[in-house]
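Open the model in your viewer and show it as a cartoon. Keep a selection box ready.

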Amino acid sequence: MNLTIFSGPPSSGKTSVILKTIATLQSRDIRVGVVKFDCLYTDDDVAYEKAGVPVKKGLSGALCPDHFFASNIEEIVRWGNHAGLDLLISESAGLCNRCSPYIKDIKGVCVIDNLSGINTPKKIGPMLKSADLVVITKGDIVSQAEREVFASRVSSVNPKAVTMHVNGLTGQGAYELGTLIYDASQKVDSVQGMQLRFPMPAALCSYCLGETRIGEAFQMGNVKKMDLGVDKQ
């Protein structure tokens, strides 16, 4: 079974791109399944089910969705193999724009949209910088010049990645993306012991554990303070 990991900021068009790409793979008799990781709510699983795609969803609740992903991906891979999938796609929200759910030797795809702002590629971090493929969406809404400038910013952040445009509404570019993410020779029976490409942000402080009160007296653990150049009173 192949495994490909999609991530990207919320509302960047990940699900639409994945659905269009799956349709091109299904036309080649490739059986594809999806696991959707999110925080509090998603109905994307319904869209996958309507398209005849085996799907599982996991809601992380108060936890970071990418940390939640790392804690559950081995079991998801077992499910995909048991279901007889040719390709399993993991879709993660990446809400903090800093996490990197990609695994070494497993293809990683970052989806980012043209409307997010010209400087957004510099703000996303490892999720973009460590991806193998970068998919730019919503290019039909901006001018050709804006598309080129945005793609240039993406390439400056991750020059090693293949950067391509995919239209989540029409499916333009989805066939090409499908040929890049599916490799019939790849066999992933387990990810046990594999390594993430980049350490995820660490946070174990009083607020992680449920504290709601503001103030230094209530702050414990991994606490980072800004240097404002003002002496404490």
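The stops below go from the sheet to its strands, then to helices and loops. One caution before starting: this is a predicted model.

**Stop 1: the sheet**

Colour the strands by number. Seven strands form an open sheet in the order β3-β2-β4-β1-β5-β6-β7, with parallel pairing. The edge positions belong to β3 and β7; each has a single partner strand, so one side of each has no neighbour in the sheet. Look along the sheet for its twist. On average, neighbouring strands are turned by 20° against each other, direction ignored.

**Stop 2: β4**

Select β4, residues 87-92. Is this strand mostly covered or mostly open? Mostly covered: six of its six residues are buried. Show the side chains. L87, I89 and E91 are on one side, L88, S90 and S92 on the other, and both faces are covered.

Now add the partners. On one flank, β2 runs parallel to β4, and six bridges join the two. Pick K36: its bridge partner in β4 is E91. On the other flank, β1 pairs with β4 in the parallel sense, again over six bridges. Two pairs are worth labelling here. L3 stands opposite L88, and T4 stands opposite I89.

**Stop 3: β2 to β3**

Move to the β3 edge. β2 and β3 run parallel and are joined by five bridges. Label V35; its bridge partner in β3 is K56. Then trace the connection. The chain leaves β2, passes through helix α2 (residues 44-50) and enters β3, in a right-handed β-α-β crossover.

**Stop 4: β6 to β7**

Go to the opposite edge. Select residues 133-137 for β6 and 162-165 for β7; these strands run parallel, joined by four bridges. I136 faces H165 in β7. The route from β6 to β7 goes through helix α6 (residues 144-157), and this crossover is right-handed too.

Stay in the loop between β6 and α6 and pick K138. K138 has a positive phi of about 60°, although it is not a glycine. Most residues other than glycine have a negative phi. With 27% relative accessibility, K138 counts as partly exposed.

**Stop 5: α1 and L25**

Select residues 14-26, helix α1. Its end C-alpha atoms are 18 Å apart, which agrees with the 18 Å that 13 residues should span at 1.5 Å a residue. The buried residues of α1 are K14, T15, V17, I18, T21, I22, T24 and L25.

Zoom in on L25. How accessible is L25? Its relative accessibility is 0%, so L25 counts as buried. Leaving out residues up to four places away in sequence, L25 touches I30, V32, L87, G178, I181 and Y182. Now draw a distance from L25 to Y175. Their C-alpha atoms are separated by 7.7 Å, yet the two are 150 residues apart along the chain.

**Stop 6: S60, on the way to α3**

Pick S60, in the loop between β3 (55-59) and α3 (65-82). S60 has 8% relative accessibility and therefore counts as buried. Not counting residues up to four places away in sequence, S60 touches D38, C39, P65 and F68.

**Stop 7: α3**

Two of those contacts, P65 and F68, are among the buried residues of α3. Others in the helix include D66, F69, I73, E74, I76, V77, W79 and G80. What covers them? The cover includes β1, β2, β3 and β4.

Next, check the axis. α3 has 18 residues and reaches 24 Å from its first C-alpha to its last, close to the 26 Å expected at 1.5 Å a residue. Where does α3 bend? At N72, by about 50°. Step just past the helix to G84, which takes a positive phi of about 70°.

**Stop 8: D105**

Last selection: D105, in the loop between β4 and β5 (107-113). D105 has a positive phi of about 75° although it is not a glycine. Is D105 buried or exposed? At 72% relative accessibility, D105 counts as exposed.

Note on methods
Residues are numbered from 1 along each chain as its sequence is written. This is a predicted model: local features need pLDDT of at least 70, side-chain atom pairs count only at pLDDT 80 or more; totals for chains, interfaces and linings use all residues. Side-chain values use heavy atoms; hydrogens and water are left out. Buried means under 20% relative accessible area, exposed over 50%, partly exposed in between (1.4 Å probe, protein chains only). Contact means heavy atoms within 4.5 Å. Two strands pair if DSSP finds at least two bridges between them. A crossover is right-handed if, with the strands pointing away from the viewer, the path from the first strand over the helix to the second runs clockwise. The expected span of a helix is 1.5 Å times one less than its number of residues. The bend at a residue is the angle between axes fitted to the seven residues ending there and the seven starting there. Axes are lines fitted to C-alpha atoms, for helices over the stretch in contact, and angles run from 0 to 180 degrees between N-to-C directions.
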